[in-house]
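Got the viewer open? Let's walk through this one stop by stop, with something to select at each.

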Amino acid sequence: MAASNVLILLSDEHSAQAMGQHSLAHTPHLDTLAKRGTRFANAYSPSPICVPARASLATGRYVHQHSCWDNAIAYTGSNSSWGHRLQEHAIAVESIGKLHYADAVRRTGFDRQHLPMHIQNGIGQVWGSVRNPLPETGPAAGLFTQLGAGESSYNRYDRSVAAQAINWLEAAAGQRSAPWVLFVGFVAPHFPLIVPPEYLQRYPLDLIPLPKQHPQNGYRRHPWVEELARFSQHDEEIGSDERRRLALASYLALITFLDEQVGLVLNTLDRLGLSGDTTVIYSSDHGDNMGARGMWNKSTLYRESTGIPMIL
């Protein structure tokens, strides 16, 4: 087999159920990529929490093996990564965008990191390490303080990541002869559920169904999940069915926003004549509960939270 370039596109919090022709989400660029390759129907996150999942992606190990248990314990490069293996064989490997490791200083397997995003101040969410007892008021509250049409710093960041990836590919097409590996990390559709209005307009609220199995309709959550719900208080923060529809519409709109950024990168690959020499991988670190069972965000082992899209 001839050596191939590899382009890895990783999003954050994209549930596998929110992609493809049978879902509510509009993802034309990812759907086209799936038609050109293989879409894996049963791909799952090793952990429905950002930092542990990304440490597993880096190392190919389960969480109990790399010991990055939560969002306060990030990957430092102490366990070898696939990037380290590439460097050992003198294959150029760089990253653009979100990695969510400990910091940009340690040797985690990239020759260079462009626009890196890591855990905040190298510390991350220390409160997530609290095991027993959990605080009465969830520090994760406030996810829905802002909701709906607008523009967040994450939206601007993802646009910058796509633009940087385009520049990188243009430089690679003109200068590189040996195969390369490029990792591109986007934040969308991660919270906050703020999305430019032109994407939200594609999801009329009267066409958005309410999330399934809500406790207010008689569904009884598992006791552990009930404890998590009381801790996070996300659904109580939303408060009404109208806002639940808006939250789900905003999540879907962020996926369409993400799809457009992915499309810009893939179209550049085609324009530069690199598609025939490049293996493209798309996936996400974990999914999102999308309001099912009155749960939002991730951190459960239900399919909405653990199922991820994967296209090769």
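**The whole chain**

Start with everything on screen: this is a predicted model, and for its 312 residues a compact globule would have a radius of gyration near 20 Å, which agrees with the 19 Å of the protein chain. Show just the C-alpha atoms and they fill a box of roughly 60 × 40 × 30 Å along the principal axes. Switch to cartoon and you have 10 helices and 8 strands to play with.

**The sheet**

Now colour the strands. Six of them make an open sheet with mixed pairing, in the order S3-S2-S5-S1-S7-S8. Select 112-117 (S3) and 310-311 (S8): these are the edge strands, each with a single partner strand, so one side of each has no neighbour in the sheet.

Move inward to S1 and to S5, residues 180-185; the two run parallel and pair over 5 bridges. For one spot to zoom in on, pick Leu7 and look across to Leu182, its bridge partner in S5.

Next, bring up helix H9, residues 241-271. H9 lies across S1 and S7, and runs at about 170° to S1.

**The second largest pocket**

Which elements each supply at least two residues of the lining of the second largest pocket? Select strand S1 (5-11), helix H2 (50-59) and strand S7 (278-284), and you have them. The volume of this pocket is about 340 Å³. Its lining counts 18 residues, and the closest to the centre are Leu10, Leu57, Ser283, Ile308 and Met310. Colour the lining by class and you get 13 nonpolar residues, 3 polar ones and 2 charged ones.

**Loops with unusual backbone**

Last leg: the backbone. Most peptide bonds are trans, and most residues other than glycine have a negative phi. The next picks go against that habit.

- Select Ala188 and Pro189: the peptide bond joining them is cis, with omega about 5°. Pro189 sits in the loop between S5 and strand S6 (194-195).
- Slide along to Phe191 and Pro192, where the peptide bond is again cis, with omega near 5°. Pro192, too, is in the loop between S5 and S6.
- Finish on Gln213, a residue other than glycine with a positive phi, near 55°. To find Gln213, look in the loop between helix H6 (197-200) and helix H7 (223-232).

Note on methods
Residues are numbered from 1 along each chain as its sequence is written. This is a predicted model: local features need pLDDT of at least 70, side-chain atom pairs count only at pLDDT 80 or more; totals for chains, interfaces and linings use all residues. Side-chain values use heavy atoms; hydrogens and water are left out. On a 1 Å grid over the protein atoms alone, a cavity is a set of points where a 1.4 Å probe fits but cannot get out, and a pocket is an open set with protein on both sides within 12 Å along at least five of seven lines; lining residues have an atom within 4 Å of a point. Grid points are joined across faces, edges and corners, and a volume is the space filled by probe spheres set on the points. Helices (H or I, at least four residues) and strands (E, at least two) are DSSP runs, numbered from the N terminus. Ala, Val, Leu, Ile, Met, Phe, Trp, Tyr, Cys and Pro count as nonpolar, Asp, Glu, Lys and Arg as charged, and the others, Gly among them, as polar. Two strands pair if DSSP finds at least two bridges between them. Contact means heavy atoms within 4.5 Å. Axes are lines fitted to C-alpha atoms, for helices over the stretch in contact, and angles run from 0 to 180 degrees between N-to-C directions. The radius of gyration is taken over C-alpha atoms; the globule rule is 2.2 Å times the number of residues to the power 0.38.
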